[in-house]
Amino acid sequence: MLTKYKIVFLGDQGVGKTSLITRFMYDTFDSHYAATIGIDFLSKTMYLDDKTIRLQLWDTAGQERFRSLIPSYIRDSNVAIVVYDITNKDSFNDVQKWFDYIREERGSDVLIVLVGNKSDLEDKVITSEEGEALAKKIGCNFFIETSSKNGYNVKKLFKKIAKLLPELQNENADRALGGDESTNIQTINVSAGKPPEESLSSCQC
Amino acid sequence: MSNVKALGNGTPNLGIDTLVDSGSTEPFTLISNDISIPPTDSSSSTLGYTNGKRGRRNPITRKESYASLKKSRTSLELIRNKIGESMATRSDDKIHLKRINRTTKNSILHSGRDRYGFKKANNHISEGEYDNWWVSYSQYLIKRKKKWEKMMAKNGLPTANNVAPTRFPPRSESLRKFVRKGIPAEWRGNAWFYFARGSEKLRENKDVYDRLVDQTMDIINENTEAIEKDLHRTFPENIHFKNIRIQQANGEVIEEESPLLQTLRRVLKCFSLYRPSIGYCQSLNFIAGLLLIYMDEERAFWMLVIISERYLPGIHDFNLEGVNVHQGVLLLCLRQYLPDVWGMIVDKNDVRYQEGTNAFLYDLPALSFCTTSWFMSIFIGVLPTETTLRVWDCLFYEDSKTIFQIALTIFKMMEPELHRIADRDTNEDEEFLSSELFQVIQNFPKKLLDVNRMMEECFRFSNFSKLTQDEVVKCKQYVIESRSRYHNLIKKRSAIGLKESDRKELIKSSETLENKKIGLKALNWNGKLNHRMRRLRHKLR
């Protein structure tokens, strides 16, 4: 049984959404990535203890006017990662906006993670405590500081998310059994003895 | 304004050289005001700009700004000449031809970069694949250049070596064929400007650009901040857009901002002031950046204006409504010309796609959003560089229908790949299928290096090769009207108390029932909706 999860990356322009995804996917870093226009999609299989899960990562453009294009991608996502740049106060102030936006589209049926990126930089203006406090205040599932440049906490971020996911799955499974019609986790059967990648060989990554 | 002229002549008027207080204001500071930036020795950068680790800048004075303006314009000229040289082929000289032929071919084969300074290889194309293609394509380029020269001469426009013509023959079927086969790279800037009637614009707006440069020099606002964030994220892999590393006498290496980036900053800032309804929109950086490889900044600026008003109207507006309209037109085209593809990218059980309804025009299918960047950046980053440039050749000669024809061609060419996924016998749900299809639509065009094949598929072997600009305009009008009717209806509905959330709820509940297939068929649902609408309209009267 391979479970698929949809993760949407949100946050202001230039906070490092693409670089975070690139670090996670390919374990590489460039100081400059071409600005994302519209929406990009990548997917990756993750092995976790005895489980294999498939993460679908949706990378979005950060400029405010692009927000109108994103709803359909948030609508059925399991996780929303809101990213800010620890050296940019505006990007931190906008976290609330992104958060409201997710809630509006998705209600409480979604994991929300707050990420303070670029922790390798010295000119930090948002302290870890401030990040932590905001995450608590708005009700994020957890807060973490990362650096796509040196890789700090990037793996941990996705591991933590993955660890939280099966709970969601169980919850939803319970609810589905109870007759609730909205289940967000899609599962497909993988015939025994066949490695999961094979059945997903069409993937580009 | 008198100082404008001065700027144009390169002799700044002293009257406006007022010093900006460097202690308290940082005119171009990128980052939050909370951090104090230690003053840096201005001698470390003649541009009044030390890039440091991450694009942070010193306060600069207006005087320095003008100096930097002049300097960057001059250095840019040098860069452009260099690019021009690397692309020019002296095809009239038969003795040299073979040698130059070989040089053109080999200089690229032995370099990691293409003629324009972009990396040859990326995640989708290997260097080997590029070289393979280049060996024959470079021959093709030389052949085409010769034909162009002959054709120009026949039309009384003889071309001199290494001088790009500024006038081109009158429009004709034959010229269109020439353009579709590719404009010589070293003539491209002039040709685009000529076909897009740039000089008209320039004549009507004499000195306007210089005035804008002057007005925007010290300006800081939301737009300029967004521009700063994107400057280094515009073609970061292109050599001409990278910072220049300079080793100083003391051995210290400093980074100087590339003149192309400085020019790009000015063009985008001027545009944001000139077109406040657009301001700065991400993707304009790519369009302006590509233009700047081929023409000077004033012309690039006016081309950007022309593109935004004539070729891509509304696309970059603040609400991005133009993007939705263009997606709508593309959907109409797909349904008309590539019904098989249409069938794959829409969920047939969805009420929006039932025959006789055009609901997909105002409630766009999720899959259509992967084509956002196709329109917004006119295929930059979507198609390989050479392919993109050839599309632009056609675009400026043939008008915006080209964008739809190319989009259709891409869909047509990837049809087999889409089928491979859509026809797979699995129990996977629509949602999963759709993300797999998304990935194909996203990645397939990035491999379309063989631009000649793409152009043939588009203009020779397709049923949409005859698509006219008139048809596209009509489609656009239709989509705009459908969408505005719908939005007005929503407004009226909320005026009588039916909230947006109620509407969503209504649609959601119907969709759920539909998906579960426990009764309500699409037609019934439509009937129910029509009935409801009638009641609402009645109530409104």
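Which residues of strand 4 of chain A lie on one side and which on the other, and are they buried or exposed? In this predicted model, A:Val79, A:Ile81, A:Val83 and A:Asp85 lie on one side of the strand, with A:Ala80, A:Val82 and A:Tyr84 on the other. The residues of both sets are all buried, and both faces of the strand are thus covered. Strand 4 of chain A spans residues 79-85, and 7 of its 7 residues are buried. Buried here stands for a relative accessible area under 20%.

Strand 4 of chain A has pairing partners in strand 1 and strand 5 of that chain. Strand 1, residues 2-10, pairs with strand 4 in the parallel sense over 4 bridges. Within this pairing, A:Val8 has A:Ala80 of strand 4 as its bridge partner. A:Ala80 is also among the buried residues of strand 4 listed above.

Strand 5 of chain A covers residues 111-117 and runs parallel to strand 4, joined to it by 7 bridges. Here A:Val83 is bridged to A:Val115 in strand 5. A:Val83 belongs to the side of strand 4 that also holds A:Val79, A:Ile81 and A:Asp85.

Chain B can be described at the level of the whole chain. Its secondary structure consists of 23 helices and 2 strands. Of the 541 residues in chain B, 54% are buried. Among the contacts in chain B with a separation of 6 or more, 73% are between residues 24 or more positions apart. The area exposed by chain B is about 24900 Å², of which carbon and sulfur atoms supply 51%.

Technical notes. Residues numbered from 1 in each chain as written. Chains lettered and ligands numbered in written order. Predicted model: local features only at pLDDT ≥ 70, side-chain atom pairs only at ≥ 80, totals over all residues. Heavy atoms only, no water. Buried < 20%, exposed > 50% of the residue type's maximum accessible area, 1.4 Å probe, protein only. Contact = heavy atoms within 4.5 Å. Areas by Shrake-Rupley, 256 points an atom, 1.4 Å probe, with all protein chains shown as cover. Pairing = 2+ DSSP bridges.
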